[in-house]
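Trainee: I would like a close look at a single part of this model. Please take one position and work outward from there.

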Amino acid sequence: MSASFRAAIAYTNSTRESTHLDTDPLSPGLHNFSTGYNNLTYTIFGTGPSLVICQVPGWGIGPSYLSNGLAPLHDSFKILYFTPRGTPPSSRPLDTLEMSSKHMVDDLEILRQYLKLGSMLLLGHSNGGSIALGYAQQYPSHVDKLVLLDHELQGFDDSATYIEFAMKRKDDPVYSAALERLQTFKADTDEKMQDELNGILPFYFANPTKFGAKMLETMQNMPSPWGLKHQRAADRKRPTYLVDDLDNVTAKTLIVVGREDPFCSVKAAEKAHAGMATSSRGCQIVE
């Protein structure tokens, strides 16, 4: 545990007592708190009896696509969408190397302590699933249930699946155009990011005509190119090998994966399932 992480925990716990005596940090709406190093935000939807902590991906996409996509669950659950460092309105760290997934795992622990939770029902999609899985490995006693939706498995090389999809889709006019944009992807401004995202998004869907536009509708703001650039760079500098510590997870786990996902693949989901099958209190995979 780094000195800065210990200091952030102490600072957050002290300010929790002094600044929120008259407010409910689990009430619906937008909330923020300071770690002393970063200002972090989360949004709560729903009024159900069970609290779900949803980790938003770390590369700048924001929570709106998740809160809109999971809206049917808001009648049954209270869902907290945790916006990571570097994604507005959470603040950017001064040191861009602190944009790593490892730092975002630590932010989840700061959030847990800030909310005074014992253990959590933790959910994550894509890179958010990778952060959630990393947390479940590092803090197994603090995760009661874990839900991974088409999650990234850092440290697992599944480039063969991407190549397989690229070859299968290269002659389709919609997919081939998106594939070409993927291969030349470069976004250094918000406007360029929006243009690039519009171009590559069809490659992510089994039915891009139906679901590509729907995905864009759920996003209230375009992803930040700053977040994408610096999370990638920080994770390259300080890589996370989740595949090596799957047996650390003790939470009851549900893995949901789609067969038409070229990035967060069935093979990655099956690898995670196999690694957690004996250590967790039950691990189920659903396609």
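Is M99 buried or exposed?

Mentor: This is a predicted model, and the answer should be read with that in mind. M99 is buried, because its relative accessibility is 0% and the cut-off for buried is under 20%. The residue sits in the loop between β4 and α3. Setting aside neighbours within four places in sequence, M99 is in contact with G58, R85, G86, P93 and M104. Its contacts also include W226, G227, H230, Q231 and A234.

S100 belongs to the loop between β4 and α3 as well. S100 is buried too, since its relative accessible area is 0%. Beyond neighbours within four places in sequence, S100 is in contact with A234 and D235. A234 is thus a contact of M99 and also of S100.

The two elements that flank the loop lead on to the nonpolar interior. The largest nonpolar core has 43 residues, and those touching the most other members are Y42, L111, L133, L146 and M276. Elements that give two or more residues to this core include β4 (77–83) and α3 (101–115), along with β2 (39–45), β5 (120–125) and β6 (143–149). The helices α4 (127–138), α9 (225–237) and α10 (266–276) are also on that list. The largest share, seven residues, comes from α3. Another core, of 28 residues, lies apart from this one, and Y65, L123, M193 and M219 are among its members.

M276 shows what one member of the 43-residue core touches. Not counting residues up to four places away in sequence, M276 touches L133, L148, L246, V249, T253, I255 and C283.

For a position away from the loop, take E180. The C-alpha atoms of M99 and E180 are separated by 28 Å, and the two residues are 81 apart along the chain. Helix α6 covers residues 173–183, and its axis comes within 9 Å of that of helix α5, residues 159–169. The axes cross at roughly 135 degrees, which makes α5 oblique to α6. The crossing of α5 and α6 is left-handed. On the α5 side the contact is made by Y162, A166 and R169, and on the α6 side by Y175, S176, L179, L182 and Q183.

As for annotation, an unreviewed UniProt entry lists residues 74–271 as "domain: AB hydrolase-1". Over residues 74–271 the chain is 45% helix and 13% strand, and the C-alpha atoms at the ends are 31 Å apart.

How values were computed
Residues numbered from 1 in each chain as written. Predicted model: local features only at pLDDT ≥ 70, side-chain atom pairs only at ≥ 80, totals over all residues. Heavy atoms only, no water. UniProt positions renumbered as here; feature names shortened; annotations may be inferred. Helix = DSSP H or I, 4+ residues; strand = E, 2+ residues; numbered from the N terminus. Core = buried A, V, L, I, M, F, W, Y, C linked by side-chain atoms within 4.5 Å. Buried < 20%, exposed > 50% of the residue type's maximum accessible area, 1.4 Å probe, protein only. Contact = heavy atoms within 4.5 Å. Axes fitted to C-alpha atoms, helices over the stretch in contact; angles between N-to-C directions. Parallel < 35°, antiparallel > 145°, perpendicular 65-115°, else oblique. Left-handed = near helix turned anticlockwise from the far one by under 90°.
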